[in-house]
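Subject: Structure for you to look at

Hi,

Here is the structure I promised to pass on. Have it open while you read, and follow along strand by strand.

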Amino acid sequence: MKAKWITACLAVAGLAGAAEDILVADFEGKDYGAWTATGEAFGPGPAKGTLPHQMEVSGFRGHGLVNSFVRGDRSTGTLTSAEFAIERPYLNFLIGGGGWSNRTCMNLVVGGKAVRTAVGPNVVSGGSEALAPAGWDVRELVGKTARIEILDAATGGWGHINVDHIVQSERAAPPAPKPVTLERSVVLDKAYLLLPVRNGGKKGPKAKGALVVDGAVVREFDIDLADEPEWFAHLDVRAWRGKAAVVRADFPT
């Protein structure tokens, strides 16, 4: 009797009988397996994290991920999965990198047509190489056959894309964490603004900093801010001397 009562409660809560996730790709192998790569951007297999001359990549699972920064932002290419059946109402994944529509994106292709697309968060200087949760509602596509196409057709800044851990699921992906923003008002009455910094012992992405004058962002920078600094970075603010300004820092959660 007690077991039936617990089962009933779990069913009401939506926790009983939920089908397990179906792994589409985790990119943990030495190569891409059944996926087909073209061009140079994706290399011969998954990256093991950060590539040469790239900011620190974080937020992926395990040891490997898709990272099209091979040979830098100038390289291009595609990475396409084998066909698979859509068996769950949601297709969830981790994504980061460039946010260029139709150029740094991941597409769900059904019947030769892209029916869903996703991009990374970055299109301007600064930013972070952190991957964040995202996903598609594919309820009306259950039962159909699909492919996933990861595209890098951009050659300028943020001309790459990062993807990892693609799964079919009964549940939508959790919302991406929002950065914590701190701001401080200052009067630029000196030639330099000193920013407290620690050395690179902290794991994960740095804060995205900005100097705002007259409502416009005049400087952007990535910085590992510290309450107890090991040194101070000098920001030349002579061009705005005498003005009121805001120093802003966005900390990834």
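In β19, A245 is the bridge partner of V186. That pair belongs to the ladder between β14 and β19 (residues 244-251), two antiparallel strands joined by eight bridges. Before you go on, keep in mind that this is a predicted model.

Which sheet do these two strands sit in? It is an open sheet of four strands, in the order β14-β19-β16-β17, and the pairing is antiparallel. At its edges you'll find β14 (180-187) and β17 (216-223), each of which pairs on one side only. If you ignore direction, neighbouring strands of this sheet are turned by 20° against each other on average. As general background, the strands of a sheet pair through backbone hydrogen bonds, either parallel or antiparallel.

Now go to β7, residues 90-97. Is this strand enclosed or open to the outside? Eight of its eight residues are buried, so β7 is largely enclosed by the rest of the structure. You can check this face by face: Y90, N92, L94 and G96 are buried on one side, and L91, F93, I95 and G97 are buried on the other.

Its pairing partners are worth tracing too. With β11 (residues 132-137), β7 runs antiparallel and shares six bridges; look for Y90, whose bridge partner in β11 is D137. With β13 (residues 161-169), β7 is again antiparallel, this time with seven bridges. Here N92 is the residue to find, standing opposite V167.

Next comes β12, which pairs with several strands:

- β5 (residues 77-80) is antiparallel to β12 over four bridges, and G77 stands opposite D152.
- β6 (residues 84-85) is joined to β12 by two bridges, also antiparallel; F84 has A146 as its bridge partner.
- β8 pairs with β12 over six bridges in the antiparallel sense, with T104 partnered by D152.

So much for strands; what about the inside? In general, nonpolar side chains in soluble globular proteins tend to be buried together. The largest nonpolar core here has 26 residues, and those with the most contacts inside it are W35, M106, L108, I148, I150 and I166. The elements giving two or more residues to this core are β7, β8 (104-110), β12 (145-152) and β13. Apart from that core lies another one, of 16 residues, with V197, A207, V213 and I223 among them.

Try clicking on I148. Which residues does I148 touch, leaving out those up to four places away in sequence? The list includes V24, W35, L79, F84, L91, M106, L108 and I166. Some polar residues are on it as well, including T80, S81 and N107.

Last stop: S128, in the loop between β9 (113-119) and β10 (129-130). Buried or exposed? The relative accessible area of S128 is 19%, and buried means under 20%, so S128 counts as buried. A polar atom of the S128 side chain lies 3.0 Å from the backbone nitrogen of A130. There is also a long-range neighbour to look up: S128 and M55 are 73 residues apart in sequence, yet their C-alpha atoms are 7.6 Å apart in space.

Have fun exploring, and write back with any questions.

Cheers

Technical notes: Residues numbered from 1 in each chain as written. Predicted model: local features only at pLDDT ≥ 70, side-chain atom pairs only at ≥ 80, totals over all residues. Heavy atoms only, no water. Buried < 20%, exposed > 50% of the residue type's maximum accessible area, 1.4 Å probe, protein only. Pairing = 2+ DSSP bridges. Axes fitted to C-alpha atoms, helices over the stretch in contact; angles between N-to-C directions. Polar contact = N/O pair within 3.5 Å; in protein donor to acceptor, adjacent residues only side chain to side chain. Core = buried A, V, L, I, M, F, W, Y, C linked by side-chain atoms within 4.5 Å. Contact = heavy atoms within 4.5 Å.
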